[in-house]
Amino acid sequence: MLLLNHMKQLRQVCEDHVQLTESLDNLSFLKRMNRCWQDHCRQTVRFDALSFSSSIVPTDTGLELFRTHIVSDSAVQKRTVDGILEQIELERNGETVDRSLLRSLLGMLSDLQVYKDSFEERFLTETNRLYAAEGQRLMQERDVPEYLHHVARRLEEENDRIVSYLDQSTQKPLISCVEKQLLGEHMTAILQKGLSTLLDENRVTELALLYQLFSKVKGGLLTLLQFWRDYIKSFGGEIVCTPEKDKDMVQELLDFKDKMDNVAQSCFTRNEGFINAMKEAFETFINKRPNKPAELIAKYVDSKLRAGNKEATEEELERILDKIMIIFRFIHGKDVFEAFYKKDLAKRLLVGKSASVDAEKSMLSKLKHECGAAFTSKLEGMFKDMELSKDIMIQFKQYMQNQSEPSNIELTVNILTMGYWPSYTPMEVHLPPEMVKLQEVFKLFYLGKHSGRKLQWQPTLGHAVLKAEFKEGKKELQVSLFQTLVLLMFNEGEEFSVEEIRAATGIEEGELRRTLQSLACGKARVLNKNPRGKDVEDGDRFNFNNDFKHKLFRIKINQIQMKETVEEQVSTTERVFQDRQYQIDAAVVRIMKMRKTLSHNLLVSELYNQLKFPVKPGDLKKRIESLIDRDYMERDKETPNQYHYVA
């Protein structure tokens with residue numbers, strides 16, 4: 001009886017609904033529908049209670065009744081789903097809607113098992129259409145950071161919708177639809193439009209968001225990685241290949257590496273792939289311009305290890321050297337670095353200009369660890385020479401005390417093993433007799449201990465301390481050997497011309513002009529120049545400046561530093577090139593001696609394995625031809641591409 005009664009009521013409601021469908025607006029219709037559903041649930045629960053069944057949702061029979069009389073009515077069903085979709089669209093446009101109403105109605109569709117067919121398919125189609133249009137529009141209107149924040153917000157909203165009123169089963173297709181339309185369809189455009197700016201301006205928040213969003217989309221991270229690699233190559237290539245930037249190149253490289261490291265760490269979750277892509281990009285662009293980066297890195301290290309580099313404590317210096325080693329690692333032609341490093345190290349050691357022996361040794365051990373003992377053996381030899389020279393000087397002092405005529409000049413000599421040090425152009429100058437005599441005494445002493453050795457004096461590297469008397473009183477002047485020879489002339493006369501000084505000292509013209517400039521035109525003017533002026537010209541005359549004043553007792557008069565001339569740079573690079581030729585020859589002979597017979601291609605690939613510097617196939621071919629000409633090897637008579645070793 002009860003069941004019959006309920007069915008009658010339900011039929012009545014159904015008929016009412018069909019009539020109401022026309023007259024109500026969508027929201028009122030939804031509310032009415034919901035009320036009907038809630039009533040139905042209550043009725044069925046009551047009816048079930050009488051049948052000794054307890055449940056808060058309608059039983060199968062009740063659901064069947066509701067499905068038959070209400071939802072099967074296509075007009076009612078369409079109106080319900082239209083209304084729900086309209087509410088969701090309003091909410092997506094920023095309006096507030098009754099979420100509990102939506103939750104209840106969608107729950108109803110689930111319970112009636114029509115959620116998927118009647119609602120979800122249409123909902124996903126609508127969502128797709130909405131976000132496809134939104135993505136197109138906003139990519140035009142907004143800049144990338146703004147767009148990324150918008151996408152993140154949209155994803156958050158949709159996830160919130162699932163928690164609030166959609167069925168859990170909708171989550172996957174819904175989120176992937178949003179990701180596809182707002183991200184997947186625009187990956188390249190987003191990166192082309194915005195990645196460079198984000199990296200240039202170091203927008204770490206947005207970069208982290210970009211990574212996080214792209215990691216959700218198929219192929220997203222791979223695309224991001226390619227753009228990131230290209231950005232590094234192009235930005236770094238500009239630093240390395242712009243000669244006007246050479247003076248700041250190394251500092252800029254260090255800063256750029258720091259910045260990219262930070263992005264990889266804090267934005268790209270230390271992703272191994274991104275870190276490797278960065279290394280590969282650095283290695284590519286830094287070797288785009290052969291030799292120059294290696295030379296400039298060596299000079300940068302010199303500037304940090306030279307005394308007077310006040311900016312760094314030992315710890316900071318150590319940290320800078322570690323960073324330099326990372327950049328150094330990317331360089332292919334490390335022998336160029338070695339040549340320039342050796343030249344600068346020699347200056348630091350011989351002029352006592354090193355900021356710290358510990359830092360020097362630390363850098364050496366880093367290089368040894370990176371490139372092996374062969375790479376640093378000459379550099380270590382230079383340090384050994386300096387240590388040995390100290391011991392020799394202690395013995396020489398004792399030797400001098402036992403001489404019948406002690407000298408009033410104190411001589412210090414550094415003995416340099418020729419193969420370890422850079423080669424210096426020998427220069428003959430006219431030394432005062434006392435110096436010549438002292439040199440002979442030392443030579444006698446040294447060869448007495450080490451017979452068979454040959455000593456060659458290097459006046460360009462010498463320096464001295466002179467005692468001088470001015471009106472103001474006595475001073476000591478710390479000067480180079482060339483400055484010494486010029487100043488000593490003023491013990492013999494009042495005034496000399498440039499030409500007279502050149503004849504008396506034998507110093508080469510360019511070197512002499514720089515020497516006179518340092519003594520008469522610099523900060524400490526111990527000579528007067530006539531006529532006055534910044535440069536030394538032919539016919540200028542010089543006299544001793546008796547009125548010279550200075551607050552210090554010992555004054556260092558700096559030599560005018562000839563900017564490292566183009567010739568000097570070229571000659572260092574030339575020596576490296578020459579050295580490479582010898583290394584190629586030696587490697588070819590070594591391989592052929594072991595293999596006896598080899599094809600050209602195998603020989604070349606074996607050489608690439610052994611040689612530590614970049615080399616072109618054409619250069620290898622030239623060296624092989626040269627060795628054939630010199631009878632170290634020969635071509636096979638039948639197969640010209642085959643070589644035989646000639647014992």
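Glu316 lies in helix 15 of this predicted model. The residue is partly exposed, with a relative accessible area of 31%. Glu316 gathers with Glu314, Glu315 and Asp358 in a patch of negative charge on the surface. Helix 15, which covers residues 314-329, supplies the largest share of this patch, namely 3 residues. A residue enters such a patch only with over 30% relative accessible area, and Glu316, at 31%, satisfies that condition.

From this surface patch the account turns to two helices earlier in the chain. Helix 4 comprises the 19 residues 74-92. At 1.5 Å a residue, helix 4 should span 27 Å, and its end C-alpha atoms are indeed 27 Å apart, so expectation and model agree. A number of residues in helix 4 are buried, including Val76, Val81, Ile84, Leu85 and Ile88. Charged and polar side chains also appear among the buried residues of this helix, including Arg79, Gln87, Glu91 and Arg92. After helix 4 comes Gly94, with a positive phi near 100°.

Helix 5 spans residues 99-111 and has 13 residues. From its first C-alpha to its last it reaches 18 Å, close to the 18 Å expected at 1.5 Å a residue. Its buried residues are Leu101, Leu102, Ser104, Leu105, Leu106, Met108 and Leu109. Helix 5 is followed by Gln113, where phi is again positive, near 60°.

Glu91 of helix 4 leads to the subject of charge pairing. Side chains of opposite charge can pair when their charged atoms come close. Across the whole structure, a search finds 47 salt bridges. In one of them, the side chains of Glu91 and Arg161 meet at 3.0 Å, N to O. Because Glu91 lies in helix 4 and Arg161 in helix 7 (residues 144-164), the pair ties together parts that are 70 residues apart in sequence. Both partners are buried: Glu91 has a relative accessible area of 13%, and Arg161 one of 2%. The cut-off for a buried residue is under 20% relative accessible area.

A second pair joins Glu476 and Arg554, whose side chains meet in a salt bridge of 3.0 Å, N to O. This pair links distant parts of the chain, with Glu476 in strand 2 (residues 473-480) and Arg554 in strand 6 (residues 554-556), 78 residues apart. Here the partners fall into separate classes of accessibility: Glu476 counts as buried at 15%, whereas Arg554 counts as partly exposed at 43%. Beyond individual pairs, salt bridges that share partners join Glu91, Arg92, Arg99, Glu158, Asp160 and Arg161 into one network. Two members of this network, Glu91 and Arg92, are also listed among the buried residues of helix 4.

A further salt bridge connects Glu252 with Lys245, and the closest N and O atoms of this pair are 4.0 Å apart. Glu252 counts as partly exposed at 27% relative accessibility, and Lys245 likewise counts as partly exposed at 30%.

Helix 18, which covers residues 373-401, contains Ile392. With a relative accessible area of 13%, Ile392 is buried. Thr412 follows 20 residues away along the chain, and the C-alpha atoms of Ile392 and Thr412 are separated by 9.6 Å.

Several loops carry backbone features that merit inspection. Asn202, in the loop between helix 9 (187-200) and helix 10 (204-214), has a positive phi near 55° although the residue is other than glycine. Its relative accessible area of 33% makes Asn202 partly exposed. Asn291 likewise is not a glycine and has a positive phi, of about 75°. This residue is found in the loop between helix 13 (272-286) and helix 14 (292-305), and Asn291 is partly exposed, with a relative accessible area of 30%.

The last feature concerns a peptide bond. The bond from Asn530 to Pro531 is cis, with omega near -10°. Pro531 is placed in the loop between strand 4 (527-530) and strand 5 (541-544).

How values were computed. Residues are numbered from 1 along each chain as its sequence is written. This is a predicted model: local features need pLDDT of at least 70, side-chain atom pairs count only at pLDDT 80 or more; totals for chains, interfaces and linings use all residues. Side-chain values use heavy atoms; hydrogens and water are left out. Patches are made of residues with over 30% relative accessible area and no salt bridge: like charges are joined within 9 Å, nonpolar side chains (Val, Leu, Ile, Met, Phe, Trp, Tyr) within 5 Å. Accessible areas come from the Shrake-Rupley method with a 1.4 Å probe; for residues, only the protein chains shown count as cover. Lys and Arg count as positive and Asp and Glu as negative; His and the chain ends are not counted. The place of a charge is taken as NZ of Lys, CZ of Arg, CG of Asp or CD of Glu. Helices (H or I, at least four residues) and strands (E, at least two) are DSSP runs, numbered from the N terminus. Buried means under 20% relative accessible area, exposed over 50%, partly exposed in between (1.4 Å probe, protein chains only). The expected span of a helix is 1.5 Å times one less than its number of residues.
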